[in-house]
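Visitor: Please take me through the interior of this protein, starting with any enclosed space and the residues around it. I would like one connected account.

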Amino acid sequence: MAQLQGRVAFITGAGRGQGRAHAVRLAADGADIIALDICQDIETMDYPNATADELAETAALVRDKGGRIVTRQVDVRDGEAVEDFLAHGVKEFGRLDIVIANAGIIRISESVNPRALFRDVIDVNLIGVWNTVQAAIPALIDGGRGGSIVITSSSAGLKGVASDRAGAQAYTASKRGVVGLMQVWANSLAPQSIRVNTIHPTGVATGMVLNDAMAELFESGDPGLAAMQNALPIEMLQPEDIANAVAWLVSDEAKFITGTAWPLDAGFSVR
């Protein structure tokens, strides 16, 4: 099935996890991929980010699906670097149709520098999304074909849980903040047939969750994590579960859907 044949998708945080799953699935559907990842750790985080080798592996997996791909190590906090790389990708493939603003970070554990932690989470999860979408809007409008922008929020973007920790507070604030951005862009870009939506996954089996720091929190019975339970008997979703949903959302089958906050959360938000 090549429902995205000839289209080009820009994906951030593509080194592993959900970003990689999006790249591979959209390539299988016929799209070419412009993919970035920071590929270096952030000091305030308590887990490692994706590596350059992992981004290269994403590229290999996309090519295995028959897709073309360009990659670069870029920090979404650097708006000029995002713009420069996207311009390179658009020049390479000649167009832009899909944007998946996926890059994000989380830290729920305590920190020795909560102010720096709060700022880093906001900078990546909120300002990084703004940098990504703002860089893409001119190419989408110039294409004259419409387009689809999908922003990765979280179940935390719909429902906050109690926490006295800066990282958890910043994560919830940033993931709620991108919903506001989505609604503004959905309204302003609708005349150009550019659709904008947020997705709100529950826990997903990625490096953000499957790491030593998060495992210690689960083992300790951390009250913040205890409140994060799905209604369906599914402990955690797979990245491919999210990518399959997004592949439909960016396709022509969803051409009438914009301005929505879509829970991909196994019923977390109704508990």
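**The cavity and its surroundings**

Guide: In this predicted model, the count of cavities of 30 Å³ or more comes to one. The space inside the largest cavity is about 40 Å³. Its lining consists of D46, Y47, I106, R107, I108, M208, N211, A213, M214 and L217. By residue class, seven residues of that lining are nonpolar, one is polar and two are charged.

Three of these lining residues, D46, R107 and L217, lead to S109. S109 sits in the loop between β4 (98-101) and α4. Its relative accessibility is 14%, and because buried means under 20%, S109 counts as buried. The side chain of S109 has a polar contact, at 2.6 Å, with the side chain of D46. A polar contact of 2.9 Å also links the side chain of S109 to that of R107. Leaving out residues up to four places away in sequence, S109 touches D46, R165 and L217. D46 and L217 thus appear both in the cavity lining and among the residues that S109 touches.

R107 leads on to G167. When residues up to four places away in sequence are not counted, G167 touches R107 and L117. G167 belongs to helix α5, which covers residues 166-189. With a relative accessibility of 0%, G167 is buried. The C-alpha atom of G167 lies 9.5 Å from that of T44, although 123 residues separate the two along the chain.

Next come the nonpolar cores. The largest nonpolar core has 49 residues, and the members that touch the most other members are F10, I34, L96, I149, I151, W185 and V196. Helix α4 (residues 114-143) supplies the largest share of this core, eleven residues. Another core, of 30 residues, lies apart from it and includes A14, V204, I242 and V246.

I34 can serve as a close view of the largest core, as one of the members with the most contacts to other members. Setting aside neighbours within four places in sequence, I34 is in contact with V8, A9, F10 and I11, with V70, and with F85, L86, G89, V90, F93 and L96. Among these contacts of I34 are F10 and L96, which are likewise listed with the members of the core that touch the most others.

Note on methods. Residues numbered from 1 in each chain as written. Predicted model: local features only at pLDDT ≥ 70, side-chain atom pairs only at ≥ 80, totals over all residues. Heavy atoms only, no water. 1 Å grid on protein atoms, 1.4 Å probe; cavity = no way out; pocket = protein on both sides within 12 Å on 5 of 7 lines; lining within 4 Å. Points joined across faces, edges and corners; volume = space filled by probe spheres on them. Nonpolar A, V, L, I, M, F, W, Y, C, P; charged D, E, K, R; others polar. Core = buried A, V, L, I, M, F, W, Y, C linked by side-chain atoms within 4.5 Å. Buried < 20%, exposed > 50% of the residue type's maximum accessible area, 1.4 Å probe, protein only. Helix = DSSP H or I, 4+ residues; strand = E, 2+ residues; numbered from the N terminus. Contact = heavy atoms within 4.5 Å. Polar contact = N/O pair within 3.5 Å; in protein donor to acceptor, adjacent residues only side chain to side chain.
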